[in-house]
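Grab a pencil and work through these exercises with the model open beside you. Each one sets a task and then walks through the solution.

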Amino acid sequence: MTRTAQTSTAGKQMLTEQIYAHLRNAIMRGDYAPGDALKPQDLAKEQCVSLAVVREALVRVVGEGLADRLPNRGFAVPEFSDRRWQEVAEARRTIEPVMLRMSIERGDVEWEAQVRAAHHRLARTPAFVPEEGEYYSEAWSEAHRVFHRTLLEGCGNPVLLETFDRMWTASELARRWSTYRNPDRDGVEEHRRLEEAALARDADAAAEALTRHLTLTAAALTGDTRREPAKEA
């Protein structure tokens, strides 16, 4: 490959990365409503890049579960009622409580310290920042991810943790929509119960709290936000 070709390829990759970041952030901020079309031609014109660059960026966004590639219809933001969100939620409710039980059984004092630190960071990070739109702030989203992953890291199984990482990415957009549709939900209390049950080594209470936490997220996407009486963790 000649130097000119290498430069051209590197430049295209850089542009693709920029457009991917732009699309991902726009979808996460809520600039696009559920079901909105993502038209490659319009995006290419808007961002002053080639159609090929936009299509590569869109394929990456689809790979993260933040958009759908529709046969003969191009690309679109997923719908609220997309069955995939419920399937991801079902998978998480099946796998993560088991991982949490394993963490409680296997986790050491260092794991306990990391759980407490991750919860402290989450509790002290503002969930909403006006300049970032109506959805969760990026800082809170990352603190949220770290808290949930830290809870499960005590299981010591890298294959299960890789599975968690994939499911978390696939459900990130649904999680933001869920909170937007159910603003009265007390996520702070839910996370506190999770931390307390895990550090008390109460596997039953922790697994129950996590299952309910995940169920409420999925329920908001279907309009079923009826609350069941909470059991003390």
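**Exercise 1: the aromatic pair**

Rings of Phe, Tyr and Trp (its six-membered ring) pair if their centres lie within 6.5 Å, and by this rule the count comes to 1 aromatic pair. That pair is Phe164 and Trp168, and it is tilted, at 5.5 Å centre to centre with 40° between the planes. The label follows the plane angle: under 30 degrees is stacked, over 60 is edge-to-face, and the rest is tilted.

Before going on, some ground rules: this is a predicted model, where local features need pLDDT of at least 70, side-chain atom pairs count only at pLDDT 80 or more, and totals for chains, interfaces and linings use all residues. Residues are numbered from 1 along each chain as its sequence is written, and side-chain values use heavy atoms, with hydrogens and water left out.

Task: work out where Phe164 and Trp168 lie and whether each is buried or exposed.

- Step 1. Both lie in helix H7 (residues 158-181), 4 residues apart, about one turn of the helix. Helices here are DSSP runs (H or I, at least four residues), numbered from the N terminus.
- Step 2. Buried means under 20% relative accessible area, exposed over 50%, and partly exposed in between (1.4 Å probe, protein chains only).
- Step 3. Phe164 counts as buried because its relative accessibility is 0%. Trp168, at 4%, counts as buried too.

**Exercise 2: a buried arginine**

Task: describe the surroundings of Arg92.

- Step 1. Find Arg92 in helix H4 (residues 83-106).
- Step 2. Check its exposure: Arg92 has a relative accessible area of 6%, so it is buried.
- Step 3. Look for a polar partner: the side chains of Arg92 and Glu96 are joined by a polar contact of 2.5 Å. Such a contact is a pair of N or O atoms within 3.5 Å; within protein, one must be able to donate a hydrogen and the other to accept it, and residues adjacent in sequence count only if both atoms are side-chain atoms.
- Step 4. List the neighbours, leaving out residues up to four places away in sequence: Arg92 touches Pro97, His148, Phe164, Met167, Trp168, Ser171, Arg175 and Leu214. Contact means heavy atoms within 4.5 Å. Both rings from Exercise 1, Phe164 and Trp168, are among them.

**Exercise 3: the salt bridges of Arg149**

Task: trace which acidic side chains Arg149 meets.

- Step 1. Set the rule: a salt bridge is a side-chain nitrogen of Lys or Arg within 4 Å of a carboxyl oxygen of Asp or Glu. By this rule the count comes to 12 salt bridges.
- Step 2. Start with Glu153, which meets Arg149 in a salt bridge of 2.7 Å, N to O. The two are 4 residues apart in helix H6, so about one helical turn separates them.
- Step 3. Add Asp165, which also meets Arg149 in a salt bridge, at 2.8 Å, N to O. This pair links distant parts of the chain, with Asp165 in helix H7 and Arg149 in helix H6, 16 residues apart.
- Step 4. Compare exposure: Arg149 is buried at 17%, whereas Glu153 is partly exposed at 30% and Asp165 is partly exposed at 27%.
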